[in-house]
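Here are some notes on the model, set out as numbered points. Please read them next to the coordinates.

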Amino acid sequence: MRQLPETDRDAIRLAQDPHFPRWLEQITATGGCAHPIHLSGSTTTLDGETGEILHHYDTRTEPGERLLVRCRNRRATVCPACSRLHAGDTYHLVRAGLLGGKNVPATVRQRLRFFITLTAPSFGPVHRAGDRCRPRRDGGQCEHGRPLGCGTVHTPDDPAVGQPLCADCYDYPGHVLWHAHASKLWDRFVIDVRRRLASSAGLVQSRFAAHARLSFARVAEYQKRAAVHVHAVVRLDGPNGPDDDPPPWGSLDRLIDAVHASARRVVVHTPHSPAAGELALCWGVQIESRPLRADGDGSDDDAVAAYVAKYVSKGASETGAGTDQRITTWDDIGAAPVSGHVRTLMRACWRLGGLPEYEPPNLRTWAHTLGYRGHILTKSRAYSTTYAALRAERAHHVGHTDIPDTVTERNWRYVGSGHTPGAALIAAGIAEDLAESLRLGVEAKQEGEWGR
Ligand SMILES: [Zn+2]
Ligand SMILES: [Zn+2]
Ligand SMILES: [Zn+2]
């Protein structure tokens with residue numbers, strides 16, 4: 001008789017366990033998390049005055065004497081269930097900054113708000129999808145004897161798209177050093193926008209904060225050429241944040257002029273290095289800005305929030321521009337499942353990261369993300385709510401919150417993580433069912449005019 005595969009036998013063993021219904025409840029409560037954390041312990045809620053036990057929960061009566069909780073990983077390749085939840089939180093976080101809600105006043109929708117995209121500069125010509133790729137009549141060649149043009153019509157899924165025409169001409173050190181300094185470049189950009197706005201309004205630059213506040217939420221996106229672009233929602237408030245009217249000089253034209261001028265001007269200089277010289281790192285020439293309708297019905301804002309959220313579950317590995325696992329040896333780079341272009345970028349990180357002049361950006365630590373070490377989503381404090389507040393709100397809905405005038409004693413410890421093969425199969429099924437029931441609504445939002 002043919003043996004069932006191990007996964008199926010394990011799933012059957014689980015289903016026959018008398019604790020299975022409760023176990024299934026736990027798995028469903030984690031949304032089908034792929035790598036749940038196993039906790040052992042108890043929570044006791046006592047009346048603050050009498051000491052009477054109002055509520056007691058203990059894992060001793062649970063299957064395997066443990067409680068499974070979400071891993072909360074935001075990466076779709078690591079945990080589809082938790083990454084979807086995280087993307088949902090990101091959507092609400094970005095949306096609250098545009099439309100209010102989640103403790104953000106609805107007045108934010110009266111504020112000047114717009115969406116900008118800042119790009120990385122060119123580090124050398126790469127193959128492009130769409131029209132004929134880099135057509136040239138002269139048949140010119142680079143110093144390495146490779147053609148300067150291509151002329152092919154590449155489909156978007158052609159592996160050549162995003163790869164350089166000549167890897168020897170491509171500026172690999174420039175690309176990874178730009179990534180390593182992209183967050184600094186953004187910080188300088190925001191400071192410069194504030195200064196420029198102040199100057200154009202006739203204010204002393206250092207007094208900007210007394211008149212207005214500039215808030216933002218930004219997200220990084222890896223392009224086909226494995227360089228990061230930055231998309232951001234920007235909002236101008238009064239000095240005390242979203243509750244406060246912005247100054248009368250805060251017009252959309254003035255704000256957009258300041259953004260474009262600052263994006264063209266700011267620069268970060270790298271330390272001098274015998275290997276790469278001293279680089280002046282700037283934004284790419286392609287800068288897009290798009291005002292968001294004030295007093296709109298919200299559809300535009302929803303689409304922007306969904307568009308931003310979409311990138312948060314897509315890290316370097318999902319777009320083919322890196323891996324989930326950190327690179328710890330030179331040989332890891334050779335073994336990584338990435339394109340030749342991405343591998344060369346990883347090697348550039350490793351090589352430059354070994355030089356004393358590039359000690360601070362920790363290029364080796366971030367070789368798996370090609371030197372980019374920013375979070376995928378970053379926001380200023382006053383923009384909207386926080387992930388922690390959204391999680392607390394969710395806990396409140398399922399009744400895990402504290403009751404006033406009570407004392408809660410918690411005693412928990414970590415006892416393990418993950419699933420057996422059969423449990424993983426069941427959890428994945430639950431995650432898919434939940435995703436399916438959400439899919440229609442989410443797709444409708446993402447396929448708006450912002451979708452790609
Ligand atoms: Zn998870
Ligand atoms: Zn081409
Ligand atoms: Zn060349």
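Which spacing do the donors of the zinc ion (ligand 2) follow along the chain?

1. They follow H-x5-C-x16-C-x3-H. This is a predicted model, in which local features need pLDDT of at least 70 and side-chain atom pairs pLDDT 80 or more, while totals for chains, interfaces and linings use all residues. Residues are numbered from 1 along each chain as its sequence is written, chains are lettered from A and ligands numbered from 1 in the order in which they are written, and side-chain values use heavy atoms, without hydrogens and water.

2. The zinc ion (ligand 2) has as protein donors H127 (ND1), C133 (SG), C150 (SG) and H154 (NE2), at 2.0 to 2.3 Å. Donors here are N, O and S atoms within 2.8 Å of the metal (3.2 Å for Na, K and Ca); water is not among the atoms, so sites may look incomplete. Angles of 107 to 111 degrees among the four donor atoms make the site tetrahedral (four donors, all angles between 85 and 135 degrees).

3. H154 is buried at 6% relative accessible area, whereas C150, at 29%, is partly exposed. Buried means under 20%, exposed over 50% and partly exposed in between (1.4 Å probe, protein chains only).

4. S273 is buried, at 1% relative accessibility. Its contacts include L355, E357 and Y358, not counting residues up to four places away in sequence; contact means heavy atoms within 4.5 Å.

5. R326 lies over the face of W366, 4.6 Å from the ring centre. The criterion is NZ of Lys or CZ of Arg within 6 Å of the ring centre and within 35 degrees of the ring normal.

Conventions. Four donors count as tetrahedral if all angles lie between 85 and 135 degrees; four count as square planar and six as octahedral if opposite donors are over 155 degrees apart and all others between 65 and 115; anything else is irregular.
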